[in-house]
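Work through the exercises below with the sequence and the 3D view at hand. Try each task before reading its solution.

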Amino acid sequence: MTPIKQITFNEETREKMLKGVEKIAKAVGSTLGPMGRNVVIETPYGATTVTKDGVTVAKHIELQDPFENLAVSILKQAASKTATSAGDGTTTSTVIAAALVKNAHKLISLGTQPIEIKRVFEDLKHKTLLYLTKHSTEVSKEDIQKIATISANNDEEIGSMIKTAYDYVGRQGLISLGESKTGATYLDLLPGIAIQRGYASPYFITNAAKGEVELENPLVFITDNKLRHTDEVIPILEYAASKRRPLLIIADAIDGQALQLLVINKIQQRINVAAIEAPSFGDNRAEILKDLSALTSAKIFSSSDASRATLDVSSSNFGSVEKVTISKDKTVFISPTSDPAAVQERVSFIRNKMEQDSDNPYLLQQYQKRLADLTAKAAIINVGAPTETELKEIKDRVEDALKATSAAVSEGYLIGGGTALLWASEFLPSDTVIHQAFKDALKEPLKVIAYNAGKTPEVILEQTLNLNDPDKGFNAYRLEFTNLREAGVIDPTEVVSQAVKNAVSAANMIILSDTAMTNLDRTPPYTPPSPEYA
């Protein structure tokens, strides 16, 4: 039976959704900038959360009024998408989106058509993104520490650790997050590799909070066979069970009865097992499996062997790795037990292929990626704190800093603190009131940063523009005007671009909303657990 709905129309819908927008913007905006405040969040289980992480604040916001909550849900999507794609900028995205909605609401009240507002906003979004790309600067080694420090809410210790990690792993290496066993935060530098392939089934997940599979000291079995029948995987499971160790299976494909048997073993806790399909396609897939074989010391169980050879697995078929983390679309190997001679042989082979195919840019790119994997290193930042509440808060900041730094290494950086967006707004045309509404929204992050620092936002904006230098602006941490590039107040270009892109998308959805429907009965129905977190 379809639930009975309550419906609002026109001005009532816009007013209700605007209230929701203002509430989430105020809550999330209070964390923005180096002088942003903590938000204390009651949780139904575990310790009370204290955080300055915008996406964490947004995630916990649920309003009593269902129509206000519709707008909150839309802005939460923008914040979450920004966090997923760029790792930071969630608060900036929310603040810009809220300003766009508020400014558009005033225009609609005066008779401007919502569809016209959307069209202009979309056009100005593209112009803003072009401006940001044009003014992006490539990241140097010195910039990495500055960006990491800013993204970790000006925690210089975290910034220094991330800089040290990048010095060790290089731009192609892996930096991940762990929990300290000593209560102190420290850095581990280890060998490691990542491949772009996730778990074959969400039932393998061991860490529901992260949606990841974590295997400690697993055996690794690699085959270029397609595993589809139970008799093809039983000997592999029996061997791992006899060694009382977790098991990772990497196969050309794994499905049908074979996958069902692995899932059953995992659910019934007979053996901690996970499976992934080999990355890439065709000949490149076969070569990557050989690379993984050298890195893990696992002998590839080949489809060229006898038809029922899977029944004759032996210890030589299994490799090992200290830790494996598998997400929906990526697998990370930390400290694999590699065969140095085999690795060197693979490196030499790939370099020879690079010379042979030097005129093929696509193949060269594939070879360079594989060569980087074979010689890559990994770093783990192990976070520690006296209390669970503080531990979670620090982990949130380190995770944001890692993602933001990675984005900067990939796409470059801009002058931070909302200053780049202020100058982008000055670059845009002022033809109509809609143009001005968009430009004003881009100024909002700097205004909120100034407000959180105890300054008058309008005065800070005016003084920044009077400097007439895009590199100079308000340093909210020092409470002074300075050369922001030299002071290290910089933001990853991808973070700022994603914040603008997702803010405009979310705002346009709300601006075009004229009717809203929610369930009259607000009693939450029973929802069975998602298999992704089973």
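The exercises that follow deal with a predicted model.

**Exercise 1. Helix α10**

Task: Compare the expected span of helix α10 with the separation of its end C-alpha atoms, then find which of its residues are buried.

Solution. Step 1: helix α10 covers residues 282-296, which is 15 residues. Step 2: at 1.5 Å a residue, the expected span is 21 Å, because the rise is counted for one less than the number of residues. Step 3: the end C-alpha atoms of α10 lie 22 Å apart, so the two values agree. Step 4: turn to burial, where eleven of the 15 residues are buried and the helix is mostly covered. The buried residues are Asn-284, Arg-285, Glu-287, Ile-288, Leu-289, Asp-291, Leu-292, Ser-293, Ala-294, Leu-295 and Thr-296. Step 5: look just past the helix, where Ser-297 follows with a positive phi near 65 degrees.

**Exercise 2. A helix pair**

Task: Describe how helices α4 and α15 cross, and which residues meet there.

Solution. Step 1: two packed helices are described by the angle between their axes and the distance between the axes. Step 2: the axes of α4 (residues 90-109) and α15 (residues 433-452) come within 8 Å and cross at roughly 145 degrees. Step 3: the crossing of α4 and α15 is right-handed. Step 4: from α4, the residues in contact are Thr-92, Val-95, Ile-96, Ala-99, Leu-100, Asn-103 and Leu-107. They meet Val-433, Ile-434, Ala-437, Phe-438, Asp-440, Ala-441, Glu-444, Pro-445 and Val-448 of α15. Step 5: sorted by type, the residues of this contact are twelve nonpolar, two polar and two charged.

**Exercise 3. Lysines in helices**

Task: Are Lys-443 and Lys-163 buried or exposed, and what do they touch?

Solution. Step 1: Lys-443 lies in helix α15, and Lys-163 in helix α7 (residues 156-169). Step 2: Lys-443 has a relative accessible area of 15%, so it counts as buried. Lys-163, at 17% relative accessibility, is therefore buried as well, the cut-off being under 20%. Step 3: leaving aside neighbours within four places in sequence, Lys-443 is in contact with Leu-422, Ser-425, Glu-426, Gln-436 and Leu-461. With neighbours up to four places away left out, Lys-163 touches Lys-141, Ile-144 and Gln-145.

**Exercise 4. A strand residue and a loop residue**

Task: Locate Val-39 and Asp-357 and list their contacts.

Solution. Step 1: Val-39 is in strand β2 (residues 39-41), while Asp-357 is in the loop between α11 (340-356) and α12 (361-375). Step 2: Val-39 counts as buried at 15% relative accessibility, and Asp-357 does so at 18%. Step 3: not counting residues up to four places away in sequence, Val-39 touches Ala-27, Ser-30, Thr-31, Thr-49, Val-50, Thr-51 and Val-57. The C-alpha atoms of Val-39 and Ala-27 are 7.8 Å apart, with their positions twelve residues apart along the chain as the sequence separation. Step 4: under that sequence limit, Asp-357 touches Leu-363, Leu-364 and Tyr-367. Asp-357 and Tyr-367 are ten residues apart in sequence and 9.6 Å apart, C-alpha to C-alpha.

**Exercise 5. Nonpolar cores**

Task: Which residues touch the most other members of the largest nonpolar core?

Solution. Step 1: the largest nonpolar core has 55 residues, and Phe-204 and Leu-247 touch the most other members. Step 2: beyond four places in sequence, the contacts of Phe-204 include Tyr-199, Val-213, Leu-259, Leu-262 and Val-263. Step 3: a second, separate core has 52 residues, among them Ile-41, Val-72, Ala-79 and Ala-104.

Note on methods:
Residues are numbered from 1 along each chain as its sequence is written. This is a predicted model: local features need pLDDT of at least 70, side-chain atom pairs count only at pLDDT 80 or more; totals for chains, interfaces and linings use all residues. Side-chain values use heavy atoms; hydrogens and water are left out. Axes are lines fitted to C-alpha atoms, for helices over the stretch in contact, and angles run from 0 to 180 degrees between N-to-C directions. Helices (H or I, at least four residues) and strands (E, at least two) are DSSP runs, numbered from the N terminus. A crossing is left-handed if the near helix is turned anticlockwise from the far one by less than a right angle, and right-handed if clockwise. Contact means heavy atoms within 4.5 Å. Ala, Val, Leu, Ile, Met, Phe, Trp, Tyr, Cys and Pro count as nonpolar, Asp, Glu, Lys and Arg as charged, and the others, Gly among them, as polar. Buried means under 20% relative accessible area, exposed over 50%, partly exposed in between (1.4 Å probe, protein chains only). A nonpolar core is a set of buried Ala, Val, Leu, Ile, Met, Phe, Trp, Tyr and Cys residues joined through side-chain atoms within 4.5 Å.
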